[in-house]
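Welcome, and please get your viewer ready. We will make a few stops, each with something to select and something to look for.

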Amino acid sequence: MAADQIDPHASLWHLFGAVMRHCRESRPNLGLRRAAEQMYTDFSNLAKWERGERVPPSDMIARLDQVYGAHGILTALYATLERLGAAESEQRNEGRYRGNSAYCNGDDDMERRAALQFLAGLGTLGTLGLSSEPLRQLLDISLGREHRSLEDWDLACADHLHALRTRSPAQVATDLIIDLYALRRQLGTAPPADQTELQRSMAVLSSIHAIVLTYLDDHGGAMRWWYTARQAADISGDLALRLLVRCEEAGHGLYGQRSPQAVLELVRRGQQLTREPDADLMTTEAKALSMLGRHAQALDTLHTLHKIADKGVAPDCYGFWTPNRIYFTESWVYAAAGQESAAETARSNVLKHNRSYIHPVNADLHRALCTVVQGGVDEGMHQAAVTIDALKPSQRIRHITETGHLVLRAVPRDQRDRPSVAEFRKVLALEAVRGD
């Protein structure tokens, strides 16, 4: 399958995987590794099932229900989604044979049976505190009933970006895959006049999905969605959007997805699209240089960034860019260089202008980073551990734990056997087990 395509059936199983993950995370201390031991399978299999990359074999579903404490919901959904997928395949085949007339026929008996079977499986969702609305929307899409206006797709982009800042990554991912599925279906039938705007929406939603997958530590999936986002932006011909997607890909690549050197290459390629220096790309460049220990160059880049910002940075039309990115970059770069006063001022600005919990938490970790750089290893380790321990499990995303590793890497090699360092390693290791 081409990297820019969404397999409709894979989308269905993304939903099944999201319900799996919800069930597991609702059980205390049930990480993927522990669940895999009880399932007598490798934990990588469970990870692929939860991400919707693979479909679990039918003879594993009853055991999944038991281990995940799903009270029958996984069994019901599995049977339902299998039936719906089979119905869709039959509709497509019949539609090709009959000139597509059967595909949109709401009275088709196969559609009715699939719909009834699908809706029958929704009743048990309430026992897990899950909403059946996303699944109802998927049913409408699968039956060809949903066709949104271009204005509605613009609103959907804004809604998902807001959700990215206010909701759990797992919830955002589930809702996003439904809209991405619907958009792909609409792109296949939309008139040429609508294609450009729909490709813009595809670029934005794919970028948000790549960000969410990065939060969830699914870097392989995220990189595939970045490819989709870039391709859709390029097809749209919108230069500002093409640059935006590349800025986001480079920036989020710093969190364990790519090496700092690779991120700098992405920055260089993005800069080739425009004749003027781009402020967003420069924030990423400064942070990547800082990660490589090239602090003088990082500070020079930050100085140039300030000059650009003083002239005014126009926000993108979707709301990705905010002035807080400059403050956050200052917090990162000054802390890594050991410039405590400047870093503390930047941290205060981050706290004043934040729109989600991620930047403030990471700014606190920057404070710990600065403490370590200045020689206070024990104090810095304690600050970092307290910051992460204060978070809810759902908030301990890759962007935060990777910043914790940044603090850890700042500890001099001859001091990495200190008890405080060992304790902080345990905190990060615990988060890795929980998130697997």
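A residue counts as buried when its relative accessible area is under 20%. Keep that cut-off in mind as you look around this predicted model.

**First stop: Thr301.** Select residues 295–310, which form helix α15, and pick out Thr301 within that helix. Is Thr301 buried or exposed? Its relative accessibility is 9%, so Thr301 counts as buried. Now show what surrounds this residue: setting aside neighbours within four places in sequence, Thr301 is in contact with Met282, Glu285, Ala286 and Leu289. Try a distance label from Thr301 to Glu285, C-alpha to C-alpha: it should read 7.5 Å, for two residues that are 16 apart in sequence.

**Next stop: helix α2.** Move your selection to residues 32–39, the span of α2. Colour Leu32, Ala35, Ala36 and Met39, which are buried. Then turn the view until you look down the axis of α2: the buried residues fall within an arc of 100 degrees, so they line one face of the helix. The general pattern behind such a view is that an α-helix has 3.6 residues a turn, so residues three or four places apart point the same way. Before you leave, click on Tyr40, which follows α2 and has a positive phi, near 60 degrees.

**Last stop: Gln199.** Select helix α10, residues 192–215, and find Gln199 there. Gln199 has a relative accessible area of 12%, so this residue is buried as well. Which residues does Gln199 touch, not counting those up to four places away in sequence? Display Leu187, Ala232, Ile235 and Ser236 to see them.

Conventions
Residues are numbered from 1 along each chain as its sequence is written. This is a predicted model: local features need pLDDT of at least 70, side-chain atom pairs count only at pLDDT 80 or more; totals for chains, interfaces and linings use all residues. Side-chain values use heavy atoms; hydrogens and water are left out. Helices (H or I, at least four residues) and strands (E, at least two) are DSSP runs, numbered from the N terminus. Buried means under 20% relative accessible area, exposed over 50%, partly exposed in between (1.4 Å probe, protein chains only). Contact means heavy atoms within 4.5 Å. The arc is that of the directions from the helix axis to the C-beta atoms.
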